[in-house]
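Please read the following report alongside the sequence and the model. It moves from single residues to the whole chain.

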Amino acid sequence: MDSGRDFLTLHGPGLPSGRHTVPGQAQRATGALRNVMQCLGVRRRSRSQSRSRELYLQEQSLEVAALNEQRLGLQDDKDLQALLKGSQLLKVKSNSWRRERFYKLQEDCKTIWQESRKVMRTPESQLFSIEDIQEDQRNTLDLIAPSPTEAQHWVQGLRKIVHHSGSMDQQQKLRHWIHSCLRKADKNKDNKMNFKELQNFLKELNIQVDDSYARKIFRECDHSQTNSLEDEEIETFYKILTQRKEIDLTFKEAAGSGETLSVDQLVVFLQHQQREEAAGPALALSLIERYEPSEMAKARRQMTKDGFLMYLLSADGSAFNRAHRRVYQDMGQPLSHYLVSSSHNTYLLEDQLTGPSSTEAYIRALCKGCRCLELDCWDGPNQEPVIYHGYTFTSKILFCDVLRVIRDYAFKVSPYPVILSLENHCSLEQQRVMAQHLHTLLGPMLLDRPLDGVTSSLPSPEQLKGKILLKGKKLGGLFLPGGEGSPEATVVSDEDEAAEMEDEAVRNQVQHKSTEDKLRLAKELSDMVIYCKSVHFLGFPSPGTRGQAFYEMASFSENRALRLLQESGNSFVRHNVSHLSRIYPAGWRTDSSNYSPVEMWNGGCQIVALNFQTPGPEMDVYQGRFQDNGACGYVLKPAFLRDPNSTFNSRALAQGPWWARKRLNVRVISGQQLPKVNKNKNSIVDPKVTVEIHGVGQDVASHQTAVVTNNGFNPWWDTEFEFEVIVPELALVRFVVEDYDASSKNDFIGQSTIPLNSLKQGYRHIHLLSKNGDQHPSATLFVKVGLQD
């Protein structure tokens with residue numbers, strides 16, 4: 001979601017498609033606001049409201065005080081009132097296509113209705129989901145409001161709704177999801193379910209139930225014998241549907257014959273099963289206070305089965321260590337001691353040859369925590385430098401536009417430094433324009449002189465908070481050649497990654513360049529490069545000789561890096577203790593495919609650049625590594641990769657402080673609300689789970705469950721795997737769920753990658769991510785994890 005005065009852009013994969021129910025007659029904004037309050041979790045006490053509607057809209061875990069506070073906050077919310085009233089906005093597709101359309105937030109507070117002039121358009125297709133609006137997706141809906149005030153109402157109102165949706169706990173998301181599926185299945189909108197609608201409901205939930213079993217459930221719930229379910233009958237059906245036997249068994253294991261867990265019983269469960277270091281009465285009471293919905297049980301210092309489930313579905317019950325969701329590592333060490341989230345050819349949205357370049361790609365990367373961005377700069381028209389992939393047909397964007405986006409988004413997700421990797425092909429004149437833009441647009445954010453006292457080693461992320469650094473060619477050393485008479489420009493060797501591309505069209509254009517092509521470098525631009533001077537790598541120094549200066553850094557193609565790791569693995573590790581190394585994809589990857597970052601990390605390489613626009617296992621592992629340490633984009637390397645005398649070599653593993661053999665047990669118990677991947681209405685997934693270990697060569701392994709047929713709602717595997725991990729500090733665990741297909745490649749459903757050091761033991765839920773790395777609203781795996789020396 002972006003806004004500049006009266007212009008707003010909505011980003012999202014589903015824009016502007018409709019997937020929700022048809023709106024009824026427009027109501028007055030004040031009346032609709034009551035429904036919005038319900039949808040946002042504010043409990044209404046009206047007796048006229050149907051029992052089933054209360055069941056799905058009430059969010060039982062919220063405290064009464066929080067409800068009152070939220071109600072007061074919403075009654076006078078001018079942004080939401082404006083959205084419910086609706087606006088005439090100008091829809092923009094191009095410079096020549098602009099049309100006025102009416103947009104209005106619906107009472108479900110989840111969908112927006114848009115006016116359409118298309119004759120064949122269905123009412124459903126005039127709606128799109130607010131859940132599809134994201135900060136970092138490439139599809140956009142561009143709208144112009146009649147005034148800056150109106151634009152701000154839309155931006156702020158949508159942000160409030162998106163924020164609230166994201167802050168719902170897993171149980172609340174489940175209830176909301178069930179409710180939306182129920183609404184979809186209720187074709188005649190009578191708030192009842194006949195048997196056919198129940199069958200549609202089960203398909204929406206991604207579960208195939210035998211007709212006879214479905215009829216059995218239907219008859220059990222139809223107490224009124226009206227051949228339809230309503231009110232309390234739907235509640236009974238909901239309870240049957242959401243019953244989880246694995247949770248019942250786990251609860252019984254902890255509570256014995258009792259109906260509730262006492263504080264002492266919960267402490268024993270936290271100690272013996274969950275392996276919580278802080279297990280004790282204080283932690284048990286805090287969990288009861290946080291997750292127990294029954295005020296009576298809470299007063300008795302007890303946890304019911306409902307509270308137990310809500311705990312297991314919460315951040316406290318997640319397989320990812322909650323403490324690692326914030327910055328917890330020492331951020332005061334030199335930059336070279338950290339892995340840095342880095343993207344390759346950041347401006348590209350698709351392939352390396354013909355795809356579009358866009359500022360959106362920079363927004364997307366920064367919103368995913370990326371801290372090193374690449375800018376390939378070339379001379380553009382009207383003395384304005386442009387960014388694109390040289391010698392190819394990728395589109396061009398203005399250098400100044402990219403800087404504006406970086407300025408606006410650099411520190412939204414993380415306060416730690418951003419490195420701009422410049423590949424400079426500009427003339428002296430346009431280099432000076434670049435320097436001017438950097439100075440005026442980035443202002444005090446740009447680090448343009450060495451930090452006081454930091455002259456013998458790289459500064460730390462903490463020292464560089466809020467700063468943008470340039471990586472590029474530089475004249476002279478750390479301190480600029482001073483005094484009058486210093487040259488305004490000097491010839492330096494050119495760097496051109498495009499020259500390595502194994503594409504005939506590119507080769508034909510590059511072959512005219514000499515192998516030692518020279519670039520005239522403007523002093524104004526050179527002076528802005530401080531701690532990241534780009535140099536050619538001349539080899540590792542022999543003992544007793546001086547190598548690169550600490551502020552000099554080299555870039556390596558993935559092939560060259562792999563060769564160095566194979567031939568001189570330990571030398572590379574030692575080099576990376578005090579120097580930054582950047583790795584980029586091989587020239588043949590014109591499709592923007594990615595290499596595995598794990599081997600590079602194992603060698604201590606920090607700036608391992610991937611194509612962020614390309615989903616797949618490599619980006620899954622990448623995002624998994626960098627969700628650690630508060631997803632701030634910097635992860636501290638293990639001590640043995642920071643020791644200048646380290647003997648570690650991942651390609652020739654020997655005994656050392658890194659050797660800490662562990663036995664990892666993973667019991668994959670069940671899945672919940674796995675999304676459909678085949679859009680065919682009658683398609684139901686056949687899920688299977690693969691558990692993978694990524695790390696040093698000896699630790700790489702995978703195991704998979706059997707296939708569960710026709711059940712994406714609550715598949716049950718209860719399968720245990722065992723792994724041996726030799727270097728746990730470098731290991732990551734990836735859980736992948738696929739839809740099995742006997743005749744073709746399995747379809748990806750979801751995954752989660754967790755560094756082994758961030759993986760919690762005990763009964764845990766794993767919250768699955770989509771192909772693009774976004775969290776599925778309610779899709780989880782339920783597992784039990786054990787880790788022993």
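Is Tyr311 buried or exposed? With a relative accessible area of 1%, Tyr311 is buried, where buried means under 20% relative accessible area, exposed means over 50% and partly exposed lies in between, for a 1.4 Å probe and protein chains only. This is a predicted model, in which local features need pLDDT of at least 70 and side-chain atom pairs count only at pLDDT 80 or more, while totals for chains, interfaces and linings use all residues. Residues are numbered from 1 along each chain as its sequence is written, and side-chain values use heavy atoms, with hydrogens and water left out.

**Aromatic residues**

Phe308 is also buried, with a relative accessible area of 0%. Phe308 and Tyr311 are three residues apart in helix H14 (residues 305–313), and are therefore separated by about one helical turn; helices (H or I, at least four residues) and strands (E, at least two) are DSSP runs, numbered from the N terminus. An α-helix has 3.6 residues a turn, so residues three or four places apart point the same way.

Rings of Phe, Tyr and Trp (its six-membered ring) pair if their centres lie within 6.5 Å, and planes under 30 degrees apart count as stacked, over 60 as edge-to-face and the rest as tilted. By this rule the count comes to 23 aromatic pairs. The rings of Phe308 and Tyr311 have centres 6.5 Å apart and planes at 50°, so this pair is tilted. Both residues belong to one aromatic cluster, formed by Phe251, Phe269, Tyr291, Phe308, Tyr311, Tyr763 and Phe782. Phe640 and Phe648 are buried.

**Arg582 and Gln333**

Arg582 lies in strand S20 (residues 581–584) and is buried, with a relative accessible area of 2%. Its side chain makes a polar contact of 3.1 Å with the side chain of Ser555; a polar contact is a pair of N or O atoms within 3.5 Å, where within protein one must be able to donate a hydrogen and the other to accept it, and residues adjacent in sequence count only if both atoms are side-chain atoms. Not counting residues up to four places away in sequence, Arg582 is in contact (heavy atoms within 4.5 Å) with His344, Glu374, Ser421, Lys471, Glu497, Met553, Ala554, Ser555, Phe556 and Ile607. The C-alpha atoms of Arg582 and Cys605 are separated by 7.0 Å, although these residues are 23 residues apart along the chain.

Gln333 lies in the loop between H14 and S10 and counts as buried at 17% relative accessibility. Its side chain makes polar contacts with the side chains of His337 (2.8 Å) and Arg642 (3.2 Å). Leaving aside neighbours within four places in sequence, Gln333 is in contact with Tyr338, Pro459, Ser460, Pro461, Leu636 and Arg642.

**Positive phi outside glycine**

The table sets out two residues that have a positive phi although neither is a glycine.

| Residue | Phi | Loop | Relative accessibility |
|---|---|---|---|
| Asn345 | about 40° | between strand S10 (338–343) and helix H15 (359–367) | 1%, buried |
| Ala631 | about 50° | between helix H22 (617–626) and strand S22 (634–636) | 31%, partly exposed |

**Helix H17 and the cysteines**

Helix H17 (residues 428–442) has 15 residues and reaches 21 Å from its first C-alpha to its last, close to the 21 Å expected, the expected span being 1.5 Å times one less than the number of residues. Its buried residues are Leu428, Gln430, Gln431, Val433, Met434, Ala435, His437, Leu438, Leu441 and Leu442. After H17 comes Gly443, whose phi is positive, near 55°.

A search of the whole structure finds zero disulfides, a disulfide being a pair of cysteine sulfur atoms within 2.5 Å. Cys426 is in no disulfide, and the nearest cysteine sulfur, that of Cys377, is 5.6 Å away. Cys426 counts as buried at 3% relative accessibility, whereas Cys367 counts as partly exposed at 21%.

**The whole protein**

The protein has 22 helices and 30 strands, and buried residues make up 56% of its 789 residues. Among contacts with a separation of 6 or more, residues 24 or more positions apart account for 71%. The protein exposes about 33900 Å², of which carbon and sulfur atoms supply 48%, with accessible areas taken from the Shrake-Rupley method with a 1.4 Å probe; for residues, only the protein chains shown count as cover.
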